[in-house]
Amino acid sequence: LIITTEYNQVPQYIKIEHLPNKTAYFTGDSFDDDGLSVTLYSSLELKVFNLSIPVIGELITKELTTADFDVSTPDMDTPGTKTITVTHTATGKTTSFPITVTNTDVIAASVSTAPTKLVYDRNEAIDVAGGKIKYFLNDGDSYEIPMNVSNVTISTDNDEDDQKAPDEVGPAVVTVTYTHSA
């Protein structure tokens, strides 16, 4: 009588050992899984004839390479907590972790360069050419862009038409309202 036995590794689960370097993002950022470390945990089973007998003991671990698993791609255009799923390609075992995506909001804006033309005749159309707006985002970035009719609204003390200079002679307050589009 010949008895054949063999040991097999049976995958049990995968576990994230180290989260990616970055888990907090702003809308529009690209997800980056650099730094993600995943381990496969397997048990042993003894196979005798056609019977599989689990071997009780510690699990066997194997650190996976990035080629061994897939990482889901989250929607980075909407704010919220996103669940990233990691799947071991050979076994289909999965685990997950959260990331946070928050809005990139303009928190301040200022006129950094006044428009070229600053003196107007009464009721003349206001020209914002040459002007620049600097805006600051909650992610710490700031940008300077040219003023134009699509990103600023002009308001004056002229009740008839805010896009024209006031109808009174003398200095006037002109308010520039910036509209940011992501």
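Biologist: Where is T89 found?

Modeller: T89 is found in the loop between β6 and β7, where helices and strands are runs assigned by DSSP (H or I over at least four residues for a helix, E over at least two for a strand) and are numbered from the N terminus. This is a predicted model, in which local features need pLDDT of at least 70 and side-chain atom pairs count only at pLDDT 80 or more, whereas totals for chains, interfaces and linings use all residues. Residues are numbered from 1 along each chain as its sequence is written, and side-chain values use heavy atoms, with hydrogens and water left out.

Biologist: Is T89 buried, partly exposed or exposed?

Modeller: The classes rest on relative accessible area, with buried under 20%, exposed over 50% and partly exposed in between, computed with a 1.4 Å probe on protein chains only. T89, at 45%, is therefore counted as partly exposed.

Biologist: Which residues does T89 touch, not counting residues up to four places away in sequence?

Modeller: A contact means heavy atoms within 4.5 Å, and by that criterion T89 touches A67, D68, F69 and D70. The C-alpha atoms of T89 and D70 are separated by 6.6 Å, although these residues are 19 apart along the chain.

Biologist: How do β6 and β7 run, and how many bridges join them?

Modeller: Two strands are said to pair if DSSP finds at least two bridges between them. Here β6 and β7 run antiparallel and are joined by eight bridges, with T85 having S96 in β7 as its bridge partner. The two strands form a hairpin with five residues between them, and G92 in the turn has a positive phi of about 80°. On β5 (residues 69-71), three bridges make an antiparallel pairing with β6, and F69 stands opposite H88 in β6.

Biologist: What surrounds H88, leaving aside its neighbours within four places in sequence?

Modeller: H88 lies in strand β6 and is buried, at 6% relative accessible area. Its contacts beyond those neighbours are I14, L40, L64, D68, F69 and K93. Within the excluded sequence range one can still look for polar contacts, meaning pairs of N or O atoms within 3.5 Å; within protein, one atom must be able to donate a hydrogen and the other to accept it, and residues adjacent in sequence count only if both atoms are side-chain atoms. One such contact, of 2.8 Å, joins the side chains of H88 and T91.

Biologist: Which strands make up the open sheets, and in what order?

Modeller: One open sheet has three strands in the order β1-β3-β4, paired antiparallel. Its edges are β1 and β4 (51-63), each with a single partner strand, so one side of each is left without a neighbour in the sheet. The twist from one strand to the next averages 20°, where axes are lines fitted to C-alpha atoms (for helices over the stretch in contact) and angles run from 0 to 180 degrees between N-to-C directions. Between β1 and β3 there are 12 antiparallel bridges, and Y7 has L46 in β3 as its bridge partner.

Another open sheet has three strands in the order β8-β9-β10, also with antiparallel pairing. Its edge strands, β8 (106-113) and β10 (142-146), each pair on one side only, and the twist averages 25° from one strand to the next. Strand β9 (residues 132-137) pairs with β10 in the antiparallel sense over five bridges, with K132 standing opposite P146.

Biologist: How many residues has the largest nonpolar core, and which have the most contacts inside it?

Modeller: A nonpolar core is a set of buried Ala, Val, Leu, Ile, Met, Phe, Trp, Tyr and Cys residues joined through side-chain atoms within 4.5 Å. The largest one has 14 residues, and L36, V38, V86, F97 and I99 have the most contacts inside it. At least two of its residues come from each of β1 (5-18), β3 (37-48), β6 (80-88) and β7 (94-102), and the largest share, three residues, comes from β7. A second, separate core has six residues, including I126, I133, M147 and V152.

Biologist: How many aromatic pairs does a search of the whole structure find?

Modeller: Rings of Phe, Tyr and Trp (its six-membered ring) pair if their centres lie within 6.5 Å, and planes under 30 degrees apart count as stacked, over 60 as edge-to-face and the rest as tilted. The search finds three pairs. One of them joins Y25 and F31, whose ring centres are 5.9 Å apart with planes at 50°, so the pair is tilted. Y135 and Y143 form another tilted pair, at 5.6 Å centre to centre and 35° between the planes; Y135 is buried at 9% relative accessibility, whereas Y143 is partly exposed at 38%.
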